[in-house]
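Trainee: Please take one part of this model and look at it closely. What is it built from, and what lies around it?

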Amino acid sequence: MIVLPNGSRIGARLWPRAVGALTLIALAVIHVVDLPGTLGPDRLVGIGYLGIIAAAVLIGGVLLARSNWLAWAAAAAVAVSAMGGYILTRALPGGFLGDHGDVGNWRCPLGIAALSVESVIILLVLLVVLGAWQARIHAASVAAARRPAAPRASEYSQSR
């Protein structure tokens, strides 16, 4: 728990949301920088870029507002779909979505930067999911420890 100078408290769960929002914004910025080259004859790639940009900004804002499993799932979906688009545009011999210029271009600096950011987003989502899962297990074990144990069947037969 972090206590600010004005006395308000910030929970420990804020840092994943802040990092998630920042990495989503970084993903949007990378795609904005690369956007002009995708708006030519291969408009489908440009439309995909616009979708990634809009989704990343929107989901980043939602994560800043509050933690929600749906926002985390959407963040992972954006990262996985962007990563999948990068791989498909370079791996398919005939191109993907009409993009023939990037086939085999695995060393694109912006692409590598985007893959790095997308990997951080996916790892962060996994970390948040793991943390939530562990918290539920801990809460269940604490609740079970507080409940009195139910008498066993053998204790019923001995007391009669």
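**A close look at helix α3**

Mentor: Start with length. α3 has 23 residues, which should span 33 Å at 1.5 Å a residue; its end C-alpha atoms are 32 Å apart, so the two values agree. The expected span is 1.5 Å times one less than the number of residues. A helix here is a DSSP run of H or I with at least four residues, a strand a run of E with at least two, and both are numbered from the N terminus.

This is a predicted model: local features need pLDDT of at least 70, side-chain atom pairs count only at pLDDT 80 or more, and totals for chains, interfaces and linings use all residues. Residues are numbered from 1 along each chain as its sequence is written, and side-chain values use heavy atoms, with hydrogens and water left out.

Now place α3 in the chain. The protein chain has five helices and two strands. Along the sequence, they run β-β-α-α-α-α-α. α3 itself covers residues 69-91.

Next, see what α3 hides. Its buried residues (under 20% relative accessible area; exposed is over 50%, partly exposed in between; 1.4 Å probe, protein chains only) start with Ala71, Trp72, Ala75, Ala76, Val78 and Ala79. Ala82, Met83, Tyr86, Thr89 and Arg90 complete the list. For the protein chain, 26% of its 160 residues count as buried.

What covers these residues? The cover on the buried residues of α3 includes α1, α2 and α4. Take those neighbors in turn.

First, α4 (109-146). This helix has 38 residues. From first C-alpha to last it reaches 55 Å, close to the 56 Å expected. Its buried residues are Gly111, Ala114, Val117, Glu118, Ile121, Leu124 and Val125. They pack against α1 and α3. Follow one of them, valine 125. It touches Trp72, Ala75 and Ala76, leaving out residues up to four places away in sequence. Those three are among the buried residues of α3. Contact means heavy atoms within 4.5 Å.

Second, α2 (43-65). With 23 residues, α2 reaches 33 Å end to end, close to the 33 Å expected. Val45, Gly46, Tyr49, Ile52, Ile53, Ala56, Ile59, Gly60 and Leu63 are its buried residues. Their cover includes α1 and α3. Leucine 58 also lies in α2. Leucine 58 counts as exposed because its relative accessible area is 59%. Leucine 58 and leucine 24 are 34 residues apart in sequence, but 9.1 Å apart in space, C-alpha to C-alpha.

Third, α1 (14-34). Tryptophan 15 sits in this helix. Tryptophan 15 has 48% relative accessibility, so it counts as partly exposed.

Now put the pieces together. The largest nonpolar core (buried Ala, Val, Leu, Ile, Met, Phe, Trp, Tyr and Cys joined through side-chain atoms within 4.5 Å) has 24 residues. Leu24, Leu27, Ile59, Leu63, Ala75, Ile121 and Val125 touch the most other members. α1, α2, α3 and α4 each give two or more residues to this core. Ala75, among the buried residues of α3, is one of the residues that touch the most other members.

Last, look at the contacts across the protein chain. Take those between residues at least 6 apart in sequence: 59% join residues at least 24 apart. Valine 125 touching Trp72 is one pair to find in the view.
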